[in-house]
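Student: I am new to this structure and should like to study one part of it closely. Please begin with a small piece of the fold, and then set out the surroundings in one connected account.

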Amino acid sequence: MIAGAGLGGLLSGAYLARAGYRVELFEPLAFVGGKFTSFDRDGFAVPTGAFHTLPGGGHGPIARACARLGVDLQLHLPRPSFVVRRGDERFVVSKNVLRPNTFWQTLPRRGRWRLGAAIGALAAGPVLPDVTFEQWLRRWDVPADTLRIAGRIIEFSIGVPLGETSVRDLGCGMWSQRWHTEGVVRGGVKSITSALADIIRAHGGHIHLRQGVRRVLVSGRSARGVVTESGQIMPADVVVLGTGLGVAADLLGNACPAALRHLLARSVPAWGASISVRSRQPLVPHAGIEVPLDSRHVSGYIQISAGAPELAPPGWHYLLAYQVLRPETFTPARVAAGVDEVRALFPSVAPDDVFHVSVFRGRWPAARLAQGIAHHGRGRCPVVCPGLDGLYLVSHDSAGDGFAAEVVASAAATMARHLGLEA
Ligand SMILES: Cc1cc2nc3c(=O)[nH]c(=O)nc-3n(C[C@H](O)[C@H](O)[C@H](O)COP(=O)(O)OP(=O)(O)OC[C@H]3O[C@@H](n4cnc5c(N)ncnc54)[C@H](O)[C@@H]3O)c2cc1C
């Protein structure tokens, strides 16, 4: 039994169905994909969450899962993949501190060498230190203005402020992606979740839409099945919760292990707004991610139609911008300021060309734990539920390596390995 037809539930379902399990998947919404799909708006593939990109490109956990499960993943790999913008000037983010005309040259001389030394020491060291990235950079005496720039890049890349980004997470995330960068999914992320749903059905599984799970049945120290919203009792050998920890704790009720409650109490909500912009002319002269260093609200953007033109109608370009929001300072006026800033960054954009704004906040559909915090235990929930046999937690806040949804695929692979399935 699987709760949730987001990426986590669908990947888990595909692994299980291919291994011969009879999969029954319950989803309260009318569509599959959760935050990893899109809806059509006048020919634009407007995302429910994910910006149609895979942080690990063709080498990350999602690409590896697709290869194992037989999903035909088509990627555009933008070069450059990451650019910073200062005023109207653009600089490629490069690993090579000596390469001319890169973002390294936007840093003051001292900042450049201190930052280079700090990153070099991390790459050379045998063990990743258990500190935040900010603490690490301060240890290396990186000046404040350089810290701010590093913070902007990190915040857009993994949605976590510099002061909360664990050095271990960054290192392990990069390693799990084999040091490769971003790819834009041809056909959009919906092509992945639709293919996973097809695999489940092709192997005899059922996906029940508009029907969520109300409760997980627990007997002794084992999960025994689920009760659906309509009151149907569905016994099972294996229960996978692809809902995120907050909903999982509700579904478990009194049976929720104390360790999970403890994690939930410490969870940090990740809030943000995604802003859809259309244009007749390209707004950005490349297909990669761009981080505007001077902006106050907009964290970054990507013109996804440059890598995947089919995500916009013919003759149009499609840019998605992201604004990080903080629960403590959130007001609708902040989102409006983000929209105004997008217009200021691209003066040719007419008011009605900002055609869609989604705000992710609250318990669902926002990520309940900030992406990227303590992948290795402390902040993220274990995939194999502690204290309850037969229960797996495979979602955005589960333990796993990689950035953004790559973590979900990493968690699904952990579940598959634990059950002895091919993963
Ligand atoms: C604005 C934004 C941009 C992003 N961009 C990217 C990107 O470009 N690349 C990337 O890799 N990642 C990106 N991410 C992250 C990515 O979208 C998520 O990590 C991923 O989609 C999470 O998948 P999930 O299956 O864990 O959760 P979800 O997609 O949230 O799925 C959970 C599912 O559980 C269902 N559910 C809830 N309650 C119940 C219940 N009681 N019973 C049964 N089912 C239930 C929900 O309806 C939902 O379908 C982005 C996220 C956001 C918000």
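Tutor: Let us begin with a pair of strands. Strand β11, residues 213-219, pairs with strand β12, residues 222-228, in the antiparallel sense, and 6 bridges are found between the two. Please bear in mind throughout that this is a predicted model. Within the pair, Arg215 of β11 has Val227 of β12 opposite to it. The two strands form a hairpin with 2 residues between them, and in this hairpin Gly220 adopts a positive phi near 60°.

A positive phi also occurs elsewhere in the chain. For Asp42, which is not a glycine, phi is near 50°. Asp42 belongs to the loop that runs between β3 (38-41) and β4 (44-47). A further backbone feature is the cis peptide bond between Arg79 and Pro80, where omega is about 0°. Pro80 sits in the loop that leads from β6 (75-76) to β7.

From these local details we may turn to the division of the chain. The domain assignment gives domain 1 as 2-76 + 185-267 + 370-418, domain 2 as 103-180 and domain 3 as 271-360. Between the C-alpha centres of domain 1 and domain 2 there is a distance of 30 Å.

Next come the sheets. Strands of a sheet pair through backbone hydrogen bonds, in either a parallel or an antiparallel manner. One open sheet has 5 strands in parallel pairing, arranged in the order β10-β2-β1-β14-β20. At its edges are β10 (206-208) and β20 (391-393), each of which pairs on one side only. Inside this order, strand β1 (residues 2-3) runs parallel to strand β2 (residues 24-26), and 2 bridges join them. Ile2 is placed opposite Leu25 of β2.

Another open sheet contains 7 strands of mixed pairing, and their order is β8-β7-β16-β17-β18-β15-β19. Because β8 (89-92) and β19 (354-360) stand at its edges with a single partner strand each, one side of each lacks a neighbour in the sheet. From one strand to the next, the twist of this sheet averages 25°. One of its pairings joins strand β15 (residues 271-279) to strand β18 (residues 317-325), antiparallel and with 9 bridges. In that pairing, Ser274 faces Tyr322 of β18. A helix also packs on this sheet: α5 (residues 144-158) touches β7 (82-86), β16 (289-292), β17 (298-303) and β18, and the direction of α5 makes about 140° with that of β16.

We may now consider helices that pack on one another. Such a pair is described by the angle between the axes and by the distance between them.

Take helix α1 (residues 7-18) and helix α7 (residues 190-202): their axes come within 8 Å and cross at roughly 35°. The crossing of α1 with α7 is left-handed. On the α1 side, the contact is made by Leu7, Leu10, Leu11, Gly13, Ala14, Ala17 and Arg18, and on the α7 side by Thr193, Leu196, Ala197, Ile199 and Ile200. By class, these residues are 9 nonpolar, 2 polar and 1 charged.

A second pair consists of helix α2 (residues 61-69) and helix α12 (residues 406-418), whose axes come within 7 Å and cross at roughly 50°. The two helices are therefore oblique to each other. Pro61, Ile62 and Ala65 of α2 make this contact with Glu406, Ala409, Ser410, Ala412 and Ala413 of α12. The classes here are 6 nonpolar, 1 polar and 1 charged.

A third pair is formed by helix α8 (residues 245-252) and helix α9 (residues 258-265), with axes that come within 10 Å and cross at roughly 140°. This angle makes α8 and α9 oblique to each other. The crossing of α8 and α9 is left-handed. Leu245, Gly246 and Ala249 of α8 meet Leu260, Arg261, Leu263 and Leu264 of α9. This contact of α8 with α9 comprises 5 nonpolar, 1 polar and 1 charged residues.

To return to the starting point, the hairpin of β11 and β12 may be found again by its Gly220, and by Arg215 with Val227 opposite.

Note on methods
Residues numbered from 1 in each chain as written. Predicted model: local features only at pLDDT ≥ 70, side-chain atom pairs only at ≥ 80, totals over all residues. Axes fitted to C-alpha atoms, helices over the stretch in contact; angles between N-to-C directions. Helix = DSSP H or I, 4+ residues; strand = E, 2+ residues; numbered from the N terminus. Parallel < 35°, antiparallel > 145°, perpendicular 65-115°, else oblique. Left-handed = near helix turned anticlockwise from the far one by under 90°. Contact = placed C-beta atoms within 7 Å. Nonpolar A, V, L, I, M, F, W, Y, C, P; charged D, E, K, R; others polar. Pairing = 2+ DSSP bridges. Domains from an automatic or database assignment.
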